[in-house]
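Student: Got a model open here. Can you walk me through how the chains meet and how the helices pack?
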2 protein chains.
Amino acid sequence: MKKVIIIGYGPAGVTAAIYLKRTGIDPLVIGKDLGALDGYSDLVENFYGFSEPIEGYKLIQNGVDQAKNLGIEVITDSVISLKQDETGFVVKTQKKSYHSEAVLLATGKTRQTLNIPGFSKYRGKGISMCATCDGYFYRRKKLAIVGCGPYMLHELEYLNRISADVTVFTHGNELPNLTENPVVFDQILSFKGDDKITHIVTNKGEYPVDGVFIALGVPSSIDFASQLGVVVEKNNISVDQNYQTNIEGLFAAGDIIGGKLQIAKSVYDGMQAADSIYSFLKDKSKKA
Amino acid sequence: MKKVIIIGYGPAGVTAAIYLKRTGIDPLVIGKDLGALDGYSDLVENFYGFSEPIEGYKLIQNGVDQAKNLGIEVITDSVISLKQDETGFVVKTQKKSYHSEAVLLATGKTRQTLNIPGFSKYRGKGISMCATCDGYFYRRKKLAIVGCGPYMLHELEYLNRISADVTVFTHGNELPNLTENPVVFDQILSFKGDDKITHIVTNKGEYPVDGVFIALGVPSSIDFASQLGVVVEKNNISVDQNYQTNIEGLFAAGDIIGGKLQIAKSVYDGMQAADSIYSFLKDKSKKA
């Protein structure tokens, strides 16, 4: 059982880790492979302390090294689900599961989109990014899930419980793990329908569907948060003045909570959130 | 006439300058000689983005270089007074005077003290750090001013208006500028008195005094702020949610406004203060 798991090793996550470490709490920091970070090749010139502009990618790497050099445990893995149990939180990654008393979501904000014609049009009209959130509305329907990795399998497990007709679309990718569901390996060309989605169009044909669940790559933390019933407003996770979400022990900081999408603000958030997490854990241990 | 003068080129001042520059406003940043910075040789390991601990001094230098590389005007000089006129603010340094529409105080916090026995005991009981603030209570009294540079001369000018008996104590230093006041070059050994100060004790004798004004080195921004009637609470400059003091157009950010004395917080302050200064200047130009 960890005290705190920090999901995300950007400015907010690493700063929170550094400040927590200074209070004597050893956080576990889980971040995505740096190679997978999009949009971080831009030069940063407005964050204090660097005489020359620095690549976003390099800054993130510096932060990870900084945390490690201070003795903080940092691992590279992708979180595919976040759940609560009686003792706290269960963070499931592609490789294993971790338990903790508190969780800080500091994954930044990825504009989750799919560059396939019809995606935007039918998102929310038959296309969903979250099986746990929206699956209920598709009970016993003809469903498709798009994906090929552990996150897809995690979502598929849920969909198989609500429908006996779920087809996996790998969108041209291989499928490393076996599944008993039917699998279509075609490249998806478009999503088609009228008011709602009716078909997936691939390079080999058209497939009728009632609902499509996208589970490509790994979920965003908005997805985890949604799974737990966290209040999300305008694509920002809502937190109180202590950076705590509506779920006790679940905190969020950085771009994901909205406001200025600036490193200076994320770093500040991280520092403040660390304070709140420290207080939360202290109160919790007093009650125990 | 400058739009904004930023006093202090630490994390808050430089960050504010960078963000202002990005809005198209060219600030002038005035900071003290880096050699004069005390307490900045400590290693910084909790500010995000540096894989190895960095000397405070080096970080400040990086920040100054960063500002200059972005085309921001940064000068090294010491501010000795801050006044208001009908068009805005007059910032007087050791070398010259500058006018601006707005001022940001971001000098950090120097614990102003004097390592002479009796100083702490009689501070506020006959020893003052600000002629403009406290001079009134010492009209026509026997006064001493301790100092040797332009700041001392600035304060002396004021004291000469309220008393005909002001002696300059250089505390063993030379006096580069002439003055008509009597000058004592002795080393001060202690301040002596009963409830209040009564004597300055030097290596050559004792001098009776009613009041002693300390004007060694350069004033702190708490001193400037006091000169203007800014509300100071517990040695912190009071600001509203827009980082504005009770004087319109005078802003403050960083350690000087209190809160966490952390670089992460100063950088955040600087970013937020820049926003407010931008809005202030925009509103002002609309009215004009």
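Tutor: Sure. Start with the chain contact: chain B puts in 27 residues and chain A puts in 27 residues. Keep in mind that this is a predicted model.

Student: Which helices of chain B supply at least two residues each to the side that touches chain A?

Tutor: They are α1 (11-22), α2 (56-69) and α7 (263-287).

Student: And how do the residues on that side of chain B divide?

Tutor: Into 13 nonpolar, nine polar and five charged.

Student: Switching to chain A. At what angle do the axes of α1(A) and α7(A) cross?

Tutor: Roughly 40 degrees, and the axes come within 7 Å. Angles from 35 to 65 degrees count as oblique, so α1(A) and α7(A) are oblique to each other. The crossing is right-handed.

Student: Which residues of α1(A) meet α7(A)?

Tutor: P11(A), A12(A), G13(A), T15(A), A16(A), Y19(A) and L20(A). Their partners in α7(A) include I263(A), M271(A), A274(A) and Y278(A). The residues of this helix contact divide into 12 nonpolar, four polar and one charged.

Student: Now the core. How many residues does the largest nonpolar one have?

Tutor: It has 167 residues, and L104(A) and L104(B) have the most contacts inside it. α7(B) gives the most to this core, with nine residues.

Student: What is L104(B) in contact with, leaving aside neighbours within four places in sequence?

Tutor: Among them are V4(B), I6(B) and I7(B), then G13(B) and A16(B). F251(B), A252(B) and A253(B) are also in contact with L104(B), as are A273(B) and I277(B).

Conventions. Residues are numbered from 1 along each chain as its sequence is written. Chains are lettered from A and ligands numbered from 1 in the order in which they are written. This is a predicted model: local features need pLDDT of at least 70, side-chain atom pairs count only at pLDDT 80 or more; totals for chains, interfaces and linings use all residues. Axes are lines fitted to C-alpha atoms, for helices over the stretch in contact, and angles run from 0 to 180 degrees between N-to-C directions. Helices (H or I, at least four residues) and strands (E, at least two) are DSSP runs, numbered from the N terminus. Angles under 35 degrees count as roughly parallel, over 145 as roughly antiparallel, 65 to 115 as roughly perpendicular and the rest as oblique. A crossing is left-handed if the near helix is turned anticlockwise from the far one by less than a right angle, and right-handed if clockwise. Two residues are in contact if their C-beta atoms, placed from the backbone, lie within 7 Å. Ala, Val, Leu, Ile, Met, Phe, Trp, Tyr, Cys and Pro count as nonpolar, Asp, Glu, Lys and Arg as charged, and the others, Gly among them, as polar. A nonpolar core is a set of buried Ala, Val, Leu, Ile, Met, Phe, Trp, Tyr and Cys residues joined through C-beta atoms within 7 Å. A residue is buried if 20 or more other C-beta atoms lie within 10 Å of its own, exposed if 12 or fewer, and partly exposed in between; C-beta atoms are placed from the backbone.
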